[in-house]
Amino acid sequence: MIIDPYKVEAIIAEIAEEEISSRFGVLKDSDVSTKSGPNDFVTAADQAAEERLERALKDLYPAASFIGEEAAAEDPELVNRLEHERGAFWIVDPLDGTRNFVQKREEFGSIVALIENGETRQGWIYAIPEKAFATGSLGDGVTWQNEQLGPVSKTGDVPVGYRSIGSLAPQWQDKLVPALRDKFETGPARCSAYAYINLVQGLRDFALYSRVHPWDHAAGVMMLNELGGRVAYLDDLSPYRPQMTVGRPLLGAGNISNWERIRAALS
């Protein structure tokens, strides 16, 4: 089933404005708590936005189940449904870049993906401070602010990318960390929404991740693939599928030649 992408954009933008932007810079201490560690924040904005997105998206496509980041934090078994069940799923990160949001850094967004039978069919990434969307549909390409994006160009002499590799298995830490330091220019991926927005526009060349949550990656991976890129695991070269993995290195780039070049340099 193809959902009208503009209806979903309208839902995301309205909820982001009312539940997230309205709280930016004015959070109370009681509005902020942590989940898996001291820097893994959750706020009243995350929770309120997810609750409203669940209701609105279910109304739009009642047959689709809903998996939100905050619900999955409470019940990790929800994510396993993506591997073991067919059917349709809304996958949602209501507020990606929550640490930035708490620290008053204007780099946060909302990510929504529609998955059917294990395949990402549509995706939306909303840069909340800019009020701007990257939107993609399988087979129909990717738009940024309603303008169709073309293929991503090849890298320059020194590829520039993102890294989020704190959860790499030890054998990969020993191999990849020196290679990233010596051969590339990288910065931390503090917000998956902004990382993928910059990748689809060709503003960054690649991203390397080690903790892969479906709500962070499903929409962006589909968009990179639509633009002629590649996203795959370095350990066995298998393509990304919407699921949860930890410890394995996932490399994404908007151009297959770039991907191969970067993979070779990391080998």
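A polar contact is a pair of N or O atoms within 3.5 Å, where within protein one atom must be able to donate a hydrogen and the other to accept it. The exercises below apply this and related ideas to a predicted model.

**Exercise 1. Determine which residue caps the N-terminal end of helix α2, and describe the helix that follows.**

Step 1. Helix α2 covers residues 44–60, and the cap is T43, whose side-chain oxygen lies 3.1 Å from the backbone nitrogen of A45. That distance falls within the 3.5 Å cut-off for a polar contact.

Step 2. With 17 residues, α2 reaches 24 Å from its first C-alpha to its last, which is close to the 24 Å expected at 1.5 Å a residue.

Step 3. The buried residues of α2 are A44, A45, D46, A48, A49, E50, L53 and L57. In reading such a list it helps to recall that an α-helix has 3.6 residues a turn, so residues three or four places apart point the same way.

**Exercise 2. Work out the order of the strands in the open sheet, and state which strands stand at its edges.**

Step 1. The sheet has seven strands with mixed pairing, in the order β3-β4-β5-β6-β7-β8-β9.

Step 2. Because β3 (65–68) and β9 (147–148) each have a single partner strand, they stand at the edges, and one side of each is left without a neighbour in the sheet.

**Exercise 3. Follow the pairing from β4 through β5 and β6 to β7, giving the number of bridges at each step.**

Step 1. Strand β4 (residues 88–96) pairs with strand β5 (residues 109–116) in the antiparallel sense over seven bridges, and V92 stands opposite V112 in β5.

Step 2. Strands β5 and β6 also run antiparallel, joined by eight bridges, with E116 opposite E119 in β6. Their hairpin has two residues between the strands, and N117 there takes a positive phi near 50°.

Step 3. Six bridges pair β6 with β7 in the antiparallel sense, and Y126 has F133 in β7 as its bridge partner. In this hairpin, which has four residues between the strands, K131 takes a positive phi near 55°.

Step 4. Seven of the nine residues of β6 are buried, so this strand is largely enclosed by the rest of the structure.

**Exercise 4. Identify the strands that α2 lies across, and then those that α8 touches.**

Step 1. Helix α2 lies across β3, β4 and β5, and runs at about 155° to β4.

Step 2. Helix α8 (residues 214–226) packs on the sheet and touches β3, β4, β5, β6, β7 and β8, its direction making about 105° with that of β6.

Definitions and conventions
Residues numbered from 1 in each chain as written. Predicted model: local features only at pLDDT ≥ 70, side-chain atom pairs only at ≥ 80, totals over all residues. Heavy atoms only, no water. Expected span 1.5 Å × (residues − 1). Buried < 20%, exposed > 50% of the residue type's maximum accessible area, 1.4 Å probe, protein only. Pairing = 2+ DSSP bridges. Contact = heavy atoms within 4.5 Å. Axes fitted to C-alpha atoms, helices over the stretch in contact; angles between N-to-C directions.
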